[in-house]
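The following exercises ask the reader to work through a protein model step by step. Please study the sequence and the structure before attempting each solution.

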Amino acid sequence: MKKLLTALVLFALPILASAQIENPVKWSFTAKKVNATTYEVHATATIDAGWHLYAQEAGEGPVPTSFKFAKNPLAASVGKVEEVGKLHKSFDKNFNSELKFYESTVDFVQKVTVKGKAATKVKGTVEFMVCDDHQCLPPKEIEFAVSVGGK
């Protein structure tokens, strides 16, 4: 009986190891001071080879990348989130639509003004979807917090 159980465990390990959750996008969140009251909040996505991340205006079908910022009385967003990266456009027969996406890396930048001199955090979530040539992963939402203001 012990040999049978050991054999089952040994055969199951490679299957369990290959069933890892795929996470082809790594996010980093930083703030850059522009002047005394203005900061740029950078959400940088590093995308694994073979995968692509959809733009904010992706086209019909996939879930576009979107940002939600928590209300903060000490910080206010200025304008829309800008995309900095090489934008690709291509017709996708699966979605029957021309889609806009990024490969390798993209930087999403939101300008923020800080009221007063107190340090605070810009918090929010980013929702995104990634696909490769064979599959799309379900949309994912992650939280972020970036320090701004203060000395």
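**Exercise 1. Determine which residue of S2 stands opposite Val25, and describe how S2 pairs with other strands.**

Solution. Val25 stands opposite Ile47 in S2. The model is predicted: local features require pLDDT of at least 70 and side-chain atom pairs pLDDT 80 or more, whereas totals for chains, interfaces and linings use all residues. Residues are numbered from 1 along each chain as its sequence is written, and side-chain values use heavy atoms, with hydrogens and water left out.

Step 1. Strands (E, at least two residues) are DSSP runs, numbered from the N terminus. Two strands pair if DSSP finds at least two bridges between them. Nine bridges link strand S1 (residues 25-33) to S2 in the antiparallel sense.

Step 2. The connection between S1 and S2 is a hairpin of four residues.

Step 3. S2 also pairs with strand S8 (residues 105-114), again antiparallel and over nine bridges. Within this pairing, Val41 has Gln110 of S8 as its bridge partner.

Step 4. Buried means under 20% relative accessible area, exposed over 50%, and partly exposed in between (1.4 Å probe, protein chains only). In strand S2 (residues 38-47), nine of the ten residues are buried.

**Exercise 2. Locate Ala75 and state which residues it touches.**

Solution. Step 1. Ala75 belongs to strand S5 (residues 75-84). Its relative accessibility is 12%, so Ala75 counts as buried.

Step 2. Contact means heavy atoms within 4.5 Å. When residues up to four places away in sequence are not counted, Ala75 touches Val112, Thr113, Val114, Thr120 and Val122.

Step 3. Ala75 and Val148 are separated by 73 residues in sequence, while their C-alpha atoms are 8.5 Å apart in space.

**Exercise 3. Identify the disulfide and explain why it is right-handed.**

Solution. Step 1. A disulfide is a pair of cysteine sulfur atoms within 2.5 Å. By this rule there is one disulfide. Cys131 and Cys136 form it, with sulfur atoms 1.9 Å apart.

Step 2. The torsion about the S-S bond of Cys131 and Cys136 is about 105°, and the disulfide is therefore right-handed.

Step 3. Cys131 has a relative accessible area of 1% and is buried, whereas Cys136, at 35%, is partly exposed.

Step 4. Cys131 is also the bridge partner in S10 of His52. Two bridges join strand S3 (residues 52-54) to S10, and the strands run antiparallel.

Step 5. These strands belong to an open sheet of four strands in the order S6-S7-S3-S10, with antiparallel pairing. Its edge strands, S6 (87-92) and S10 (130-131), each pair on one side only.

**Exercise 4. Describe the surroundings of Asp132, including the nearest side chain of opposite charge.**

Solution. Step 1. Asp132 lies in the loop between S10 and strand S11 (140-148).

Step 2. Lys and Arg count as positive and Asp and Glu as negative; His and the chain ends are not counted. A salt bridge is a side-chain nitrogen of Lys or Arg within 4 Å of a carboxyl oxygen of Asp or Glu. Asp132 is buried without a salt bridge, and the nearest side chain of opposite charge, Lys93, is 11 Å away.

Step 3. The side chain of Asp132 reaches the backbone nitrogen of His134 at 2.7 Å. A polar atom of the Asp132 side chain also lies 2.7 Å from the backbone nitrogen of Gln135.

Step 4. Apart from its neighbours within four places in sequence, Asp132 is in contact with Gly50, Trp51 and His52.

Conventions:
A polar contact is a pair of N or O atoms within 3.5 Å; within protein, one must be able to donate a hydrogen and the other to accept it, and residues adjacent in sequence count only if both atoms are side-chain atoms.
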